Amino acid sequence: MTPFFQYTANDAQDHPVVNSLNDRLRHLSPEAREAARQFPLRIPPALAMRIPWEVDGPLTRQFLPAPEELNHAPGDAIDPLRERQAQGLPGMLIKYTGRALLKVTTECAVHCRFCFRRHLREEPLPRRLRDWEPALAAIARDHTLKEVIYSGGDPLTLSDRRLARLTARLAAIPHLTRLRIHTRMPVVTPERVQDSLLDWMKATRLTPLLVVHVNHADELHPSARAALEKLVEGGIPVLSQSVLLKGINDNLEALTRLYETLIDARVIPYYLHMLDPVAGAGHFQVSDAHALRLMAGLQERLPGYGVPRLVREEPGARSKTGLPSKP
Ligand code: SF4
């Protein structure tokens with residue numbers, strides 16, 4: 001096994017799809033191997049088994065290292081949103097009015113090759129509840145804050161026990177009213193959505209919202225749709241966020257299918273993000289003009305509630321920046 005290969009599937013080594021992935025890995029170019037050394041391939045076995053690795057497609061491109069990752073363009077950055085500068089206390093960012101973002105982990109179940117935090121994975125973050133005390137005290141002091149956002153990495157890689165304990169401390173801060181969780185887990189590891197997750201999310205005084213990251217309808221396997229429906233049936237509002245990615249979802253058919261599938265799974269489309277200019281992901285960049293043409297097409301094809309907001313994140317801005325609605 002190559003050293004960069006983090007995915008482990010001992011109980012699935014003989015599955016034909018896993019063998020096909022192993023075959024793809026054996027034939028990676030030296031450049032792609034170097035890309036995987038810099039940002040390891042990571043994928044849960046159950047997801048690996050759902051992907052046809054022998055053909056290039058929207059899922060292989062999201063998760064397989066590519067030689068283009070070594071081509072850094074001027075303007076590409078290690079920390080494109082300058083989060084390290086914006087971070088007041090370990091693990092806590094206050095970028096937007098009324099909201100505090102807690103990076104509760106750097107771990108993810110899957111490594112997405114376009115991730116804007118792909119170079120920030122070694123960041124030391126609070127782990128134990130007592131490590132969060134400075135951030136909790138700062139949130140308690142700031143009465144303008146209404147909402148806390150769990151981000152990462154992927155917050156749902158943490159156990160329900162840890163998340164419930166941190167949430168209980170936040171719920172004890174009277175001016176907070178909402179808790180938002182940004183996660184890819186219901187799609188890439190649907191089995192993470194268990195009653196124990198719903199139990200603490202429903203029990204908290206805070207209004208919970210879950211924003212699921214999904215970029216292509218092919219990610220919405222029946223098991224993923226079942227996980228999303230379990231959340232919705234449990235009373236958790238579920239919104240979607242996606243990244244517009246060249247070669248993955250930058251055509252009207254792919255986006256229409258993504259949003260139709262999400263709506264039918266009772267997930268409300270929320271944000272379609274322009275790619276952040278992170279070093280190693282420039283080959284996924286879509287031009288503003290093309291993005292706007294796609295949005296015009298979506299507005300014709302989808303009901304109003306099914307059209308996401310096309311946004312870009314600018315370092316230092318007090319909210320996400322919307323792109324104009326017409327090309
Ligand atoms: S799951 Fe989210 S944080 Fe993790 S690698 Fe993918 S995009 Fe980045």
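**Exercise 1. The ligand shell**

Which residues surround the ligand?

Solution. This is a predicted model: local features need pLDDT of at least 70, side-chain atom pairs count only at pLDDT 80 or more, and totals for chains, interfaces and linings use all residues. Numbering runs from 1 along each chain as its sequence is written.

Step 1. Apply the cut-off: a residue is near a molecule if its C-beta atom, placed from the backbone, lies within 6 Å of it. Step 2. List the hits. They are Cys108, Val110, His111, Cys112, Cys115, Arg117, Gly152, Gly153, Asp154, Arg184 and His213. Step 3. Sort by class. Ala, Val, Leu, Ile, Met, Phe, Trp, Tyr, Cys and Pro count as nonpolar, Asp, Glu, Lys and Arg as charged, and the others, Gly among them, as polar. The shell then has four nonpolar, four polar and three charged residues.

**Exercise 2. Backbone geometry**

Find the peptide bond from Gly152 to Gly153 and state whether it is cis or trans.

Solution. Step 1. Read omega: it is near 10 degrees, and the bond is cis. Step 2. Place the site. Gly153 sits in the loop between β4 (147-151) and α7 (160-171). Helices (H or I, at least four residues) and strands (E, at least two) are DSSP runs, numbered from the N terminus. Step 3. Recall the background: most residues other than glycine have a negative phi, and most peptide bonds are trans. Step 4. Turn to phi. Arg266 is not a glycine, yet its phi is positive, near 65 degrees. Arg266 lies in the loop between α11 and β8.

**Exercise 3. Helix α12**

Check the length of α12, then find its buried side.

Solution. Step 1. Compute the expected span, 1.5 Å times one less than the number of residues. For the 14 residues of α12 (288-301) this gives 20 Å. The end C-alpha atoms are 20 Å apart, which agrees. Step 2. Classify burial. A residue is buried if 20 or more other C-beta atoms lie within 10 Å of its own, exposed if 12 or fewer, and partly exposed in between, with C-beta atoms placed from the backbone. The buried residues of α12 are Ala291, Leu294, Met295 and Leu298. Step 3. Take the arc. They cover only 105 degrees around the axis, so they share the same side of α12. The arc uses directions from the helix axis to the C-beta atoms. Step 4. Look across. Ala289 and Glu300 are exposed on the other side of α12. Step 5. Find the cover. It includes α11 (252-264) and β9 (309-312).

**Exercise 4. Two loop residues**

Place Val286 and Leu125, and list their contacts beyond four places in sequence.

Solution. Contact means C-beta atoms, placed from the backbone, within 7 Å. Step 1. Val286 is in the loop between β8 (268-273) and α12. Its count is 18 C-beta neighbours inside 10 Å, so Val286 is partly exposed. Step 2. Val286 is in contact with Leu244, Lys246, Asp250, Leu275 and Ala291. Leu245 is 41 residues away in sequence, but 6.4 Å from Val286, C-alpha to C-alpha. Step 3. Leu125 is in the loop between β3 (99-103) and α6 (133-141). Leu125 has 17 other C-beta atoms within 10 Å, so it is partly exposed. Step 4. Leu125 is in contact with Pro90, Gly91, Lys103, Thr105 and Thr106.

Key
Contact = placed C-beta atoms within 7 Å.
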